[in-house]
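Visitor: I'm new to this one. Could you pick a single part, take me through it slowly, and explain the terms as you go?

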Amino acid sequence: MNNEALIAKRMEHAITRVTKTVFPGRTNHHNTLFGGEALAWMDEAAFIAATRFCRKPLVTVSSDRVDFKESIPAGTIIELVAKVEHVGRTSIRVHVDIFVEHMYNDDQHKAISGSFTFVALGPDRKPTPVLG
C-alpha cells in the first residue's frame, strides 16, 4: 500500500462522532451552550480523531478559526464530527463540526465549526513524525 492510500485509509478510520446533550449546567446566562464548553468538546473530539489516525501521544498546538454560526440552546442534542484534514510530518490538522438538533424534531444542522492542530511527541517529549 502506497503512502497516499495508507493516509486515506487512516483518515477514514479516524473519523470520530460524539453525541452529547446540552443540559442547563453547561449553559451561559442566555441559556445557550457556553462557548468554552463547545471549544473543549471540539478539542476532545479532534484529539480522539488525531489519536486514532496516528496512535501516538499528541498535544494541541493551535485552534484555528472557530466559527460560532448560531447559539446552541439548552435541551438540544449535539453531534460533533471530527475529521483529519491535513497530515504534516509531525502535525495533524483536524476539522470539527458541531451539528445541533432539537430533541423533538427531525432537523439537524451545523452550528459551529473549527480546526485544531496537534503535534506528535516521541518518548523524549519532542516532535516526532506522525507516520512511521
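Guide: Let's look at the sheet, the helices beside it and one residue inside a strand.

A quick word on the ground rules: this is a predicted model, where local features need pLDDT of at least 70, side-chain atom pairs count only at pLDDT 80 or more, and totals for chains, interfaces and linings use all residues. Residues are numbered from 1 along each chain as its sequence is written, and side-chain values use heavy atoms, with hydrogens and water left out.

Helices (H or I, at least four residues) and strands (E, at least two) are DSSP runs, numbered from the N terminus. Two strands pair if DSSP finds at least two bridges between them. Here, 5 strands make an open sheet, antiparallel in its pairing, and the order across it is β1-β3-β4-β5-β2. At the edges sit β1 (16-21) and β2 (58-68), each pairing on one side only. From one strand to the next, the twist averages 20°; axes are lines fitted to C-alpha atoms, for helices over the stretch in contact, and angles run from 0 to 180 degrees between N-to-C directions.

Now zoom in on β4 (residues 91-102) and β5 (residues 109-120), an antiparallel pair joined over 10 bridges. Take Ser-91: its bridge partner in β5 is Val-119. Helix α2 (residues 35-54) packs on the sheet and touches β1, β2, β3, β4 and β5, its direction making about 55° with that of β5. Contact, by the way, means heavy atoms within 4.5 Å.

The other helix to find is α1 (residues 3-14), which lies across β1 and β3 and runs at about 165° to β3. At its N-terminal end, Asn-2 acts as a cap, with a side-chain oxygen 3.2 Å from the backbone nitrogen of Glu-4.

Finally, go into strand β3 (residues 76-87) and pick out Glu-79. Is Glu-79 buried or exposed? Glu-79 counts as buried because its relative accessible area is 15%, where buried means under 20%, exposed over 50%, and partly exposed in between (1.4 Å probe, protein chains only). Leaving out residues up to four places away in sequence, Glu-79 touches Arg-17, Val-18, Thr-19, Asp-97, Ile-98, Phe-99 and Gln-108. With Arg-17 there is also a side-chain to side-chain polar contact at 3.3 Å. That term means a pair of N or O atoms within 3.5 Å; within protein, one must be able to donate a hydrogen and the other to accept it, and residues adjacent in sequence count only if both atoms are side-chain atoms.
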